[in-house]
Amino acid sequence: MFKFFRQQIVVSLLLFALSTTTAIAIELQAHIEPTHVTLGDTVTLIVQLINDSNQNITITSEPDVNALQTNFTVYGPSTSHYTQSINGVNTQQISWQYNLEPLHDGTFTIPAMKVATSQGEFQSQPIVMTVGKSNTGGATPHLTASVSNLQPYLHQPIYYTLRLYHLGNISNLEAVLPEDGILMETLPDSVKKSTAVVDGQAMDVLEVTYLLTPLRSGEIQLTPAKIKGAKVERNNRRQHSDIDFFLGYSNSRPFTLSSDILTLQVKAPEAQPWLPAQNLTLTEKWESDTTQEVTAGTPIIRTLTVTAENVGGQPLSSLENIMQDNVNFKVRAPKPDSKRTFTTNSNIPITEVIQTFSIIPLKAGNLTLPAIRIPWWNLKTNQTVWAELPAKTINIIENQYIVNSNITTPTATEKAVKVVSQNVTLSLSQHGLLIFSLCALFIALVRSWLLRRPKRMITITKTPTLSYKAFKAQLNATTTLEETIILIQTWATIHWQLPENSTLQHISLYVMQNYENSNIIIKLLKQLDATLYGQQKIVLAEWQHQFMDALKQIQLKQNNSINITPTLASLNP
């Protein structure tokens, strides 16, 4: 009896062990890397579903991370699948990776992640992590922002500089800049690398400068700039040399650093129109020599160029309306060309606007073009300055090829034309010559009419031909169902003498009565007919290929005359 009970206990323990193994064969795990960070760092949350049950499972719902958005900015996920089979045992692993950017410091609990599958719902364990205050200085990685002028004028460009202090290797850098109320431009060759000693420790400094143009006056708060990237770290599992490092034996951890808030006090314009600049020039160019006489109606091409130094990135005022039509000339002005560059050494912005005018003088005389004046605000002297071109006088001469359209009418003072009537008498010889001329004219008219009569012509109708090769090429070129049917009807008309409007059923009947090995082609024609009426779907290119093969296989039955069955007009939709 004791032996029997002992066997029952052993069997029960084995069954319990097997059930426990099956229960833990599918498991959901979650972990954070790292669990202690400072504000501005980015942590990685990895959720893994491990399936060792030797059964395939299907994911019905992924991890829900909405609860994390209270304390983190969540990026992702990136999903990966891994399957391994060893000695008939399958191992399946599905991973979800999220990047979490803390919104404030403190101690947070990552709640249990849940994943629903075809084998049921699985849940991970909660995770506790700590976020310290941000590093705004000292010998720790941090980001600073500064501007060259905190009180600029409206549209006055200033320099916005970011400095990233870091230790070690970083990669995949991305800057997130403020946007509200400003225009930010990237400067060429504006990235500089240097080193600095902070709290007695040497740090690498990455400096990037942008050009900032305020677009409204008053107070503008520049939100904190951010730089996102990845800090490259050595793999701690074994020691590696520098060669190993460059061969890729490393890993990286994402990070995000933020700068402080900056406040601009933007001064309002002191004059209208408003164009603040360090310098502005206005030049002109004539395509023809205006010191010589110009014929009326001949276009005179004038090109104005405005070059402004240290101006903002906002569009400059248009020059199209700076010259207007009047009674002496007409003006045509196409859209101006604009170009923005930066000086090589100091990155001073320069905007150049080129406007071309076509001036058409309307009448002879001295044509005077008025002076052109453009006001701008000098940022060095803080006063309004005018860039101007003097008035221009051009001598216009008459155009002898232009005809005056005003036609004068006779006045009452002009003498009236006196009408004189006179009787004309013809001699006998003159009468004979007149009659002979009329007869010759009549004969010429009759002969001309006979020559112009349409001749009866005999037309010879040539029977069209369509070879198998040409038919195959045309069929392969068709892409629609309607074109395919029309081409098949054409083949049936030329080779089988069927009516042009023969239906697919009629063509099938003719092929069945007169050709051997026609089962495949009849089947294909039925498929095409069913597709036409929406009863079946086919892959047109594949059907065309099969039809050409089947057409090549059919043979005319021996001792069989051509049987043509009359047909009605096609009722195809």
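Three strands form an open sheet in the order 4-8-9, with antiparallel pairing; two strands count as paired if DSSP finds at least two bridges between them. At its edges are strand 4 (59-61) and strand 9 (120-123), each pairing on one side only. Strand 4 meets strand 8 (residues 114-117) in the antiparallel sense over two bridges, and Ile 59 has Thr 117 as its bridge partner in strand 8. Helices (H or I, at least four residues) and strands (E, at least two) are DSSP runs, numbered from the N terminus.

A word on the source: this is a predicted model, where local features need pLDDT of at least 70, side-chain atom pairs count only at pLDDT 80 or more, and totals for chains, interfaces and linings use all residues. Residues are numbered from 1 along each chain as its sequence is written, and side-chain values use heavy atoms, leaving out hydrogens and water.

Next come the helices. The largest nonpolar core (buried Ala, Val, Leu, Ile, Met, Phe, Trp, Tyr and Cys residues joined through side-chain atoms within 4.5 Å) has 30 residues. Buried means under 20% relative accessible area, with a 1.4 Å probe and protein chains only; exposed is over 50%, and partly exposed lies in between. These elements each give two or more residues to this core:

| Element | Residues |
|---|---|
| helix 4 | 468-477 |
| helix 5 | 481-496 |
| helix 6 | 504-514 |
| helix 7 | 519-532 |
| helix 8 | 540-553 |

Helix 5 provides the largest share, eight residues.

Finally, meet Gln 355 in strand 26 (residues 349-361). Gln 355 is buried, with a relative accessible area of 0%.
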